[in-house]
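Me: Please take a close look at a single part of this structure, the interface between its two chains, and then set it in the context of the surrounding fold. A formal, connected account would be welcome.

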2 protein chains.
Amino acid sequence: MSKRKAIGVDLGGTNLRVALISEEGEILQKIKEPSSGDIMSSLKAAVERLISDDVVGIGIGVAGIIDRENQGVITSPNLPSISGKSFRELGFKLPLVVENDASAAAFGERWMGTGKDFKNFVLMTLGTGIGGGIVYKGELLGVAAEVGHMSIVDNGEKCPCGNYGCLELYAAARAMVGTVTKALEGGADSMLRECCKGNIYKITPEDIYEAAFEGDNLAREVLKDAGKYLGVGIANLINIMSPEAVILTGGLIGAWDIYVEEAIREASRRTFKGLFEGVKIVPSSLGDDAGILGAAALVLHEKNPAV
Amino acid sequence: MSKRKAIGVDLGGTNLRVALISEEGEILQKIKEPSSGDIMSSLKAAVERLISDDVVGIGIGVAGIIDRENQGVITSPNLPSISGKSFRELGFKLPLVVENDASAAAFGERWMGTGKDFKNFVLMTLGTGIGGGIVYKGELLGVAAEVGHMSIVDNGEKCPCGNYGCLELYAAARAMVGTVTKALEGGADSMLRECCKGNIYKITPEDIYEAAFEGDNLAREVLKDAGKYLGVGIANLINIMSPEAVILTGGLIGAWDIYVEEAIREASRRTFKGLFEGVKIVPSSLGDDAGILGAAALVLHEKNPAV
């Protein structure tokens, strides 16, 4: 009897990842390319390169609000070319499961990562924006989990999603870079001025942590400020979902000691009495592979990969 | 064979309701008294008055953060005398299920009310504060669902729960009454000045809607302002839980046409594109009976009363 395998796809705002994954969660082959150009064609070509007779289905995690029933995308602000499309048009004659990318990552963590130890957790992806996934009693909740688009600032800035004062406008990478650039334009003193050959418009989040870890005040303040807002978001999620864990993933966890530690402090101050003690705030162990693994798990293990 | 019945208890901040309820959801007998004094003794006495041989268990919905495993209360800001206690000390030799009061109400709506039509919904109780319950795939999520303690105002007021800028500080009855009183103290022109024999410190939320429906500007503004904040909270919940419905209950839905309509307008402006169209925002059909029915349903039907 041949071993069951699945194709796991992670179609985020920046990269397309496609992998062949075994029933035991081993990544057998992996393709990574930028998610630009004709995404549907790139996706089809990548899947075709990896497909084999023992593949029992294709799981696709995709950034945006997805339509589980029609295996498509309702709206994807970061990938506008696929808004309104169904992955059925790829024409594969295999079962197809479509899920939000952060939710797929949550399910991947549940299967093979930090989430193995928790039946109830919220995963937050911390990058340019903030995404989310919720696991309850071991199973992935099929909900939007757009935790980065929870409004936390009264009369806040307008977000491209349509809301105002969204968490990700204050707590994610775009916000950090924006604040640093503005401060430097305003003449702030910081070692970041010397970075990127003096082109302050090329500063990345990584440049900011590095400067912060070297003691740069501006960089530290910006990370702490973003961390405070992240803490508000985490407290709100704990007050609503009372999880056993909040699992954090994405590039920004590189700044854990400043940014996330500040978030944990803020969340502990704000969370409903009696709930904070029960929650662990921990990093993901799978990193960028969580999405492809989770997408494949949705095909191979359907509901609860750990049962 | 005798018909199975259950005792349903709703122990909110203001009232204790205890009822004998049939397997079909009929309320056979009901006791209502203020939830003050020695609550545990009052509860025990009321249950003893209603108990009979065909009662198979006792379901208790209680305001606060509850401890499902130990059938007790971790913390209850509105009922401090029962914080840390377990209902096991009542000494009943019957199965006991303890749930948060708003979550019990959500399950009641799912069983016998507006929630019969929806498998995925969020219930919000709109009164002095704001509580919540979440039903997913027909089942009650055993989570805190403290939706009133979601922070939505940056640098907002401190809430007795420990958080700052909580939704209920801006969108619920205490906020409305506080704003009206302050405005009247400041000399605002309003027919509410004549209410309660001129004692502005006795104005109730009902007085505010009545004045609003009679065209009083201050009352209308206060209700609309609270409604806007409620809309922010509803939008956040839709962005996270993508429910089919948001069911609203509690005294404040008496002001639906001004307060809730404003909330719906605000939520429609803010909710993630593609999600708002799928959501109905509707009133509860059970009112104050939702809690006792839901508590009984947790005993009689365990998971999904509509299956």
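**The interface between chain A and chain B**

Reply: In this predicted model, about 3,600 Å² of area is buried between chain A and chain B, and carbon and sulfur atoms give 56% of that area. Three residues stand out on the side of chain A: A:I240, A:R270 and A:F272 supply 20% of the area that chain A buries against chain B, more than any other three residues. In terms of residues in contact, 40 of chain A meet 40 of chain B.

The polar side of the interface can be described by two counts. Between chain A and chain B there are 21 residue pairs in polar contact, both residues being at pLDDT 80 or more. The number of salt bridges between chain A and chain B, by contrast, is zero, although the structure holds 22 salt bridges over all chains.

As to where the contacts come from, the elements of chain A that give two or more residues to the side touching chain B are the strands β6 (72-75) and β9 (130-136) and the helices α6 (217-241) and α7 (256-270). Helix α6(A) gives the most to this side, with seven residues. Sorted by class, the side of chain A that touches chain B has 24 nonpolar, eleven polar and five charged residues.

The arrangement of the two copies comes next. A turn of 180° with a shift of 0.0 Å along the axis lays chain A on chain B with an RMSD of 0.0 Å. The two copies are therefore related as by a two-fold rotation axis. Within chain A, the C-alpha nearest the axis belongs to A:I152, at 2.1 Å from it. Both copies use the same surface, since 100% of the contact residues of chain A recur in chain B.

Two of the contributing elements lead into the fold of chain A. Strand β9, one of the elements on the side that touches chain B, also belongs to an open sheet of five strands, ordered β10-β9-β8-β11-β12 in chain A with mixed pairing. The edges of this sheet are β10 (139-140) and β12 (280-283) of chain A, each with a single partner strand, so one side of each is left without a neighbour in the sheet. Strand β11 (residues 245-249) of chain A runs parallel to β12(A), and four bridges join the two. Across this pair, A:I247 stands opposite A:V282 in β12(A).

Helix α7 of chain A, which also gives residues to the side that touches chain B, contains A:I264. Leaving aside residues up to four places away in sequence, A:I264 touches A:W256, A:F276 and A:I281. The C-alpha atoms of A:I264 and A:D289, 25 residues apart along the chain, are separated by 25 Å.

One salt bridge can be placed within a helix of chain A. The side chains of A:K44 and A:E48 meet in a salt bridge, at 3.6 Å from N to O. About one helical turn separates A:K44 and A:E48, because they lie four residues apart in helix α1 (residues 39-50) of chain A.

Notes
Residues are numbered from 1 along each chain as its sequence is written. Chains are lettered from A and ligands numbered from 1 in the order in which they are written. This is a predicted model: local features need pLDDT of at least 70, side-chain atom pairs count only at pLDDT 80 or more; totals for chains, interfaces and linings use all residues. Side-chain values use heavy atoms; hydrogens and water are left out. Contact means heavy atoms within 4.5 Å. Buried area is the accessible area (1.4 Å probe) that two parts lose on being put together, summed over both. A salt bridge is a side-chain nitrogen of Lys or Arg within 4 Å of a carboxyl oxygen of Asp or Glu. A polar contact is a pair of N or O atoms within 3.5 Å; within protein, one must be able to donate a hydrogen and the other to accept it, and residues adjacent in sequence count only if both atoms are side-chain atoms. Ala, Val, Leu, Ile, Met, Phe, Trp, Tyr, Cys and Pro count as nonpolar, Asp, Glu, Lys and Arg as charged, and the others, Gly among them, as polar. Copies are superposed by least squares on the C-alpha atoms of residues with pLDDT of at least 70 in both. Two strands pair if DSSP finds at least two bridges between them.
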